[in-house]
Amino acid sequence: IETLEMSAADRAGIQLCRSWAALQVVSRIGGGHALEKGARKAMTEAAGVGLLFMDGASSRDFFQGGRALQRLWLTATK
């Protein structure tokens, strides 16, 4: 995260995203607009964007998704 040149507020938002329970509370109270704003800015300023879909949300699914993304990144930067 330190290499992404994010503001303190953006880093706090990323930390918030580490907790599903916290995100559920934010959603329930209608919050999260600052997270959307930061994501929108990052997308519009990026040279390229990708989206990774996984079949499920288990630890194994996240592991397999991360592994697939790493393989893609290594191939793209080769």
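## A four-helix chain and its pocket

From the N terminus on, the elements of this protein chain run α-α-α-α. That makes 4 helices and 0 strands, where helices (H or I, at least four residues) and strands (E, at least two) are DSSP runs, numbered from the N terminus. The radius of gyration is 15 Å, well over the 12 Å that the globule rule gives for 78 residues, so the chain is more spread out than a compact globule. That radius is taken over C-alpha atoms, and the rule is 2.2 Å times the number of residues to the power 0.38.

A quick word on the source: this is a predicted model, where local features need pLDDT of at least 70, side-chain atom pairs count only at pLDDT 80 or more, and totals for chains, interfaces and linings use all residues. Residues are numbered from 1 along each chain as its sequence is written, and side-chain values use heavy atoms, with hydrogens and water left out.

Here are some values for the whole chain:

| Property | Value |
|---|---|
| C-alpha span along the principal axes | about 40 × 30 × 20 Å |
| Share of the 78 residues that count as buried (under 20% relative accessible area, 1.4 Å probe, protein chains only) | 4% |

Now for the pocket. The largest one has a volume of about 870 Å³. Of the 19 residues that line this pocket, the closest to its centre are Met 6, Ile 14, Gly 38, Ala 39 and Ala 42. A pocket here is an open set of points on a 1 Å grid over the protein atoms alone, where a 1.4 Å probe fits, with protein on both sides within 12 Å along at least five of seven lines; lining residues have an atom within 4 Å of a point. Helix H1 (8–16) and helix H3 (33–45) each supply at least two lining residues, and the largest share, 9 residues, comes from H3.

Finally, look at Arg 67, which is found in helix H4 (residues 59–76). Arg 67 is partly exposed, with a relative accessible area of 34%. Arg 67 and Thr 77 are 10 residues apart in sequence and 15 Å apart in space, C-alpha to C-alpha.

Note on methods. Buried < 20%, exposed > 50% of the residue type's maximum accessible area, 1.4 Å probe, protein only. Points joined across faces, edges and corners; volume = space filled by probe spheres on them.
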